Amino acid sequence: MMAMALRCFWHLPSLLYRSSFAVTRGLPLAPTGCPSLLLDGCRQCVHQVLLTRQLATKKAKGKGQSQAKVNISAALVEDIINLEETSEDMQAVVEALKEDLNRNLSVRTSPGALDHIIVMTKDGKFPLNQLGQISLKSPQLIVVNMASFPESTAAATKAIRESGMNLNPEVDGTIIRVPIPKVTREHRESLAKLAKQSTNKSKEALRKVRSKSINQIKKSKSKVSEDTIWLLEKQIQQMADSAAAEMDKLLAAKTKELLG
């Protein structure tokens, strides 16, 4: 069944350039042994390989043309690549960005914002809340008690200062005092800049997921048709574009929130 379905990819180039009417009425004849002979041509195989094929409503960049979308059945190409895993990896990058924006970039600095600041110690990397007790001393002051790991006080102070949150910690023994910045226009713009930087880093991580998947597909060039490779690459690019668009929406919403 897998082999038969993949053989039908050879008929797909013409289908991708026809209208939806042609797809349902003018399909080529099925190859010998195709499981969809009873359904008049390769219609069933095409449905299995392209579960949904639709024309995007958005215009192609700079050309004013509609873009063909493909959605390949993960089950039919599982021997080449795990599309579900690729989708999960891309979504994980989006979720990590969402968590970072919500937790670390707020106009009002809260104790929770310091929890996951990473501290470099001689024993490795640790979140600040695993090394010190973080509490809100007053509306204008956060205190970090490093009594449990006094040897990491200097490293924790450095991590807070370099967190990009516009914080200037002060050390008194094993106590780190962190004055909460006033909400000025400059502070808001600084946070918005950090939000954009975080989004760009996440997009770079997304590109790495995409590249890894495409490289995996290319390893199967000797086993499957060029059309199969092309469709899979297009599918993965669409998945990456969708994830990047979601990131842009998160950034837009956070920027609007920060700049008030």
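**Close-up views of three salt bridges**

**View 1. Glutamate 189, with a relative accessibility of 44%, counts as partly exposed.** The model shown here is predicted, and this view centres on the salt bridge that glutamate 189 forms with arginine 185, in which the closest N and O atoms lie 3.5 Å apart. Arginine 185 is partly exposed as well, its relative accessible area being 48%. Because the two residues are four positions apart in helix H8, which runs over residues 185-218, about one helical turn separates glutamate 189 from arginine 185.

**View 2. Arginine 207 and glutamate 204 join their side chains in a salt bridge, with an N to O distance of 2.9 Å.** These two residues belong to helix H8 and stand three residues apart, so about one helical turn lies between arginine 207 and glutamate 204. Arginine 207 has a relative accessible area of 37% and is partly exposed, while glutamate 204, at 35% relative accessibility, likewise counts as partly exposed.

**View 3. Lysine 158 and glutamate 162 form a salt bridge whose closest N and O atoms are 3.1 Å apart.** Lysine 158 has a relative accessibility of 46% and therefore counts as partly exposed, since that class reaches from 20% up to 50%. Glutamate 162, by contrast, has a relative accessible area of 55%, and it is therefore classed as exposed, the cut-off for that class being over 50%.

**View 4. The whole structure, for orientation, holds seven salt bridges.** Among them are the pair of glutamate 189 with arginine 185, the pair of arginine 207 with glutamate 204 and the pair of lysine 158 with glutamate 162.

Key: Residues are numbered from 1 along each chain as its sequence is written. This is a predicted model: local features need pLDDT of at least 70, side-chain atom pairs count only at pLDDT 80 or more; totals for chains, interfaces and linings use all residues. Side-chain values use heavy atoms; hydrogens and water are left out. A salt bridge is a side-chain nitrogen of Lys or Arg within 4 Å of a carboxyl oxygen of Asp or Glu. Buried means under 20% relative accessible area, exposed over 50%, partly exposed in between (1.4 Å probe, protein chains only).
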